[in-house]
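Q: I'm new to this one, could you walk me through it?
A: Gladly; let's put it up and take your questions as they come.

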Amino acid sequence: MKVLFRMPLRLYNTMSGKVEEFQTIADNEVRMYACGPTVYDYGHIGNFRTFVAVDILQRYLRQSGFRLRYVMNITDVDDKIIRNSASAGVSVKQYTVKFEKAFLEDSATLNIEQPILVRATEHIEEMAQFIAKLEKAGYAYRAEDGSYYFRIAKFPGYGKLSKKDFAGMEDGARVDVDEYEKDSARDFALWKAPKPGEASWDTSIGPGRPGWHIECSVMSMAELGESFDLHAGGEDLIFPHHENEIAQSESLTGKPFAHFWFHSRFLLVEGEKMSKSLGNFFTLRDLVLKGHKPSSIRFLLASVPYRHQLNFTVDGLKQAAVSVERLRNFQQRLLNGQFPADGSQAGIDLAQETSQRLRAGMDDDLNTAQAQAAIFDMVRKANVAIDAGQLGKNDATALLAVLDQFDSLFAVLKDDDAPKIKCIVEWAQAEGRAGEISKELLEAFSSQPASDGDIQEKIAAIEAARRGRDFKTSDAIRAELAAVGIAVEITKDGVRWKRK
Ligand code: AMP
Ligand code: ZN
């Protein structure tokens with residue numbers, strides 16, 4: 001029996017700029033906060049790179065024996081949400097509820113374990129009271145219109161996380177939007193007075209809505225205390241969002257806000273920044289409708305260590321699919337194979353060595369690439385040994401246990417892609433986006449014939465839409481029918497249909 005040495009977990013801390021031994025403030029319990037989504041649209045795969053990275057972090061903390069209190073916020077009020085809900089003519093809640101649901105569904109599709117969720121709109125009065133305290137202590141001031149700002153000149157540590165030097169900044173220069181120029185040091189909005197036609201809340205400091213940064217300070221400290229262990233998010237949040245959270249929180253408490261700052265680097269698509277204008281902007285659902293499996297997407301997102309940029313490519317996705325398949329086949333081989341009672345011990349040794357390599361990789365600032373390399377080395381060597389008839393039942397059991405250890409982080413072994421894909425196909429059909437479903441998926445999931453009654457109803461809807469010159473709707477319904485094998489023809493005598 002080899003002696004296993006266990007290195008402590010080492011993580012990069014953006015605050016110190018170094019990889020440090022991870023230690024908790026108290027009792028082996030990690031109190032952890034991750035900035036969650038702003039629910040104004042469907043999440044894109046860049047967002048999910050960060051959420052998968054944080055999921056692997058929280059899974060590994062648990063696997064390493066820490067107890068965990070892990071909180072994530074849902075930003076369900078901010079400038080974009082207010083703007084979009086107003087232009088859609090619906091309430092903030094009506095607008096965000098759909099995207100919050102989509103975020104939770106997408107997270108489940110990617111096997112992201114659900115943290116404790118907190119919503120900004122459920123903590124508005126606490127935010128108002130926090131701002132009142134900041135004002136009393138001289139860190140915040142009220143503008144004439146009833147908005148409140150944080151006075152950054154009063155907080156000497158401003159810039160310590162992002163390592164920006166704000167010497168010579170202009171005292172009192174203000175910025176009232178949630179997202180602003182990367183290098184501007186301005187007094188930022190804590191509270192925004194309502195403009196005509198905008199949603200607002202009545203609170204002890206007057207009507208208005210909170211700024212984005214105050215939401216996270218208030219909710220994280222309410223759930224985790226004034227000082228907690230770990231704060232996570234994507235690299236774009238370092239400045240201004242996290243810098244501002246620190247300023248708000250520490251100026252009031254005088255204590256360090258979070259001890260470790262964990263930031264994952266951005267995802268690129270085919271080497272370029274993801275953007276709608278470049279046509280390389282994908283939500284999770286877009287990729288699934290193109291025929292990619294959730295397990296391949298998760299595996300690829302997890303394949304590059306979080307502090308390296310991840311270049312997301314279609315080739316990479318195809319390779320990830322092959323890798324997942326190999327792991328699943330290997331697991332089946334171990335589960336279903338006939339192994340003699342006595343093996344050579346080679347499998348047990350291989351399992352032990354692999355388990356150690358897995359941990360060593362993950363302890364080294366979550367080196368997921370090393371963990372994946374270790375498991376594939378194991379699969380290759382074990383397959384050779386099985387072919388040579390060298391492994392027994394005990395070997396197989398030990399190898400299966402290492403696969404479980406791996407999968408409790410990477411979460412791709414369970415063969416449950418098909419029902420998840422089916423849900424997304426049904427969602428696309430219900431949303432009139434059936435035209436985006438790939439041919440292979442259509443064949444696999446849309447074989448139920450539509451009833452004549454259903455088809456007549458849709459044909460009537462096409463006719464009505466065309467009478468109103470709403471060709472977008474008419475095309476969407478046509479695509480939906482095409483998705484279930486119904487060809488629609490527009491003739492001068494009206495709309496006709498036939499089964500393809
Ligand atoms: P948002 O919904 O915009 O507040 O973003 C949610 C999370 O996704 C934040 O932690 C962001 O830092 C992160 N994020 C946004 N874009 C990307 C990207 N391209 N790659 C990785 N993470 C991203
Ligand atoms: Zn935040």
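Q: Where is the place of arginine 357?
A: This is a predicted model, and in it arginine 357 sits in helix H10, which covers residues 346-363.

Q: Buried, exposed or partly exposed, what does arginine 357 count as?
A: Arginine 357 counts as partly exposed, because its relative accessibility is 27%, a value that falls between the 20% limit for buried and the 50% limit for exposed.

Q: And which residues does arginine 357 touch?
A: Leaving aside residues up to four places away in sequence, arginine 357 touches Gln370, Ala373, Ala374 and Asp377.

Q: How far apart in space are arginine 357 and lysine 472?
A: From C-alpha to C-alpha they are 55 Å apart, with their positions 115 residues apart in sequence.

Q: OK, stepping back, how many helices and strands does the chain have?
A: The secondary structure comes to 16 helices and 17 strands, and of the 500 residues in the chain, 52% count as buried. Along the principal axes, the C-alpha atoms fill a box of roughly 80 × 80 × 35 Å.

Q: What coordinates the zinc ion (ligand 2)?
A: The zinc ion (ligand 2) is coordinated by the SG atoms of Cys35 and Cys216 together with NE2 of His241, at 2.0 to 2.2 Å. Along the sequence these donor residues follow the spacing C-x180-C-x24-H. The two cysteines link distant parts of the chain, 181 residues apart: cysteine 35 is in the loop between strand E3 (29-34) and helix H1 (45-63), while cysteine 216 is in helix H5 (residues 212-224).

Q: Are those two, cysteine 35 and cysteine 216, buried or exposed?
A: Both cysteine 35 and cysteine 216 are buried.

Q: How many residues of helix H6 are buried?
A: In helix H6, residues 238-253, 14 of the 16 residues are buried, so the helix is mostly covered. Proline 240 lies in this helix, and the peptide bond leading to proline 240 from phenylalanine 239 is cis, with omega near 0 degrees. Just after H6 comes glycine 254, which takes a positive phi of about 70 degrees.

Q: Which residues other than glycine have a positive phi?
A: Arginine 469 is one of them, with phi near 55 degrees, and alanine 411 also has a positive phi, of about 55 degrees. For background, most residues other than glycine have a negative phi.

Q: Where are they, and is each buried or exposed, what does the model say?
A: Alanine 411 is in the loop between H12 and helix H13 (417-430), and it counts as buried because its relative accessibility is 10%. Arginine 469 is in the loop between H15 and helix H16 (471-483), and arginine 469 is exposed because its relative accessible area is 64%.

Q: Since you mention H12, at what angle do H11 and H12 cross?
A: The axes of helix H11 (residues 368-387) and helix H12 (residues 393-410) cross at roughly 155 degrees and come within 11 Å, which means that H11 is roughly antiparallel to H12. The crossing of H11 and H12 is left-handed.

Q: Which residues meet there, in H11 and H12?
A: From H11, Thr368, Ala371, Gln372, Ile375, Met378 and Ala382 meet Leu399, Val402, Leu403, Phe406 and Phe410 of H12. By class, this contact of H11 with H12 has 9 nonpolar and 2 polar residues, and no charged ones.

How values were computed: Residues numbered from 1 in each chain as written. Chains lettered and ligands numbered in written order. Predicted model: local features only at pLDDT ≥ 70, side-chain atom pairs only at ≥ 80, totals over all residues. Heavy atoms only, no water. Donors = N, O, S within 2.8 Å, 3.2 Å for Na, K, Ca; no water. Helix = DSSP H or I, 4+ residues; strand = E, 2+ residues; numbered from the N terminus. Buried < 20%, exposed > 50% of the residue type's maximum accessible area, 1.4 Å probe, protein only. Axes fitted to C-alpha atoms, helices over the stretch in contact; angles between N-to-C directions. Parallel < 35°, antiparallel > 145°, perpendicular 65-115°, else oblique. Left-handed = near helix turned anticlockwise from the far one by under 90°. Contact = heavy atoms within 4.5 Å. Nonpolar A, V, L, I, M, F, W, Y, C, P; charged D, E, K, R; others polar.
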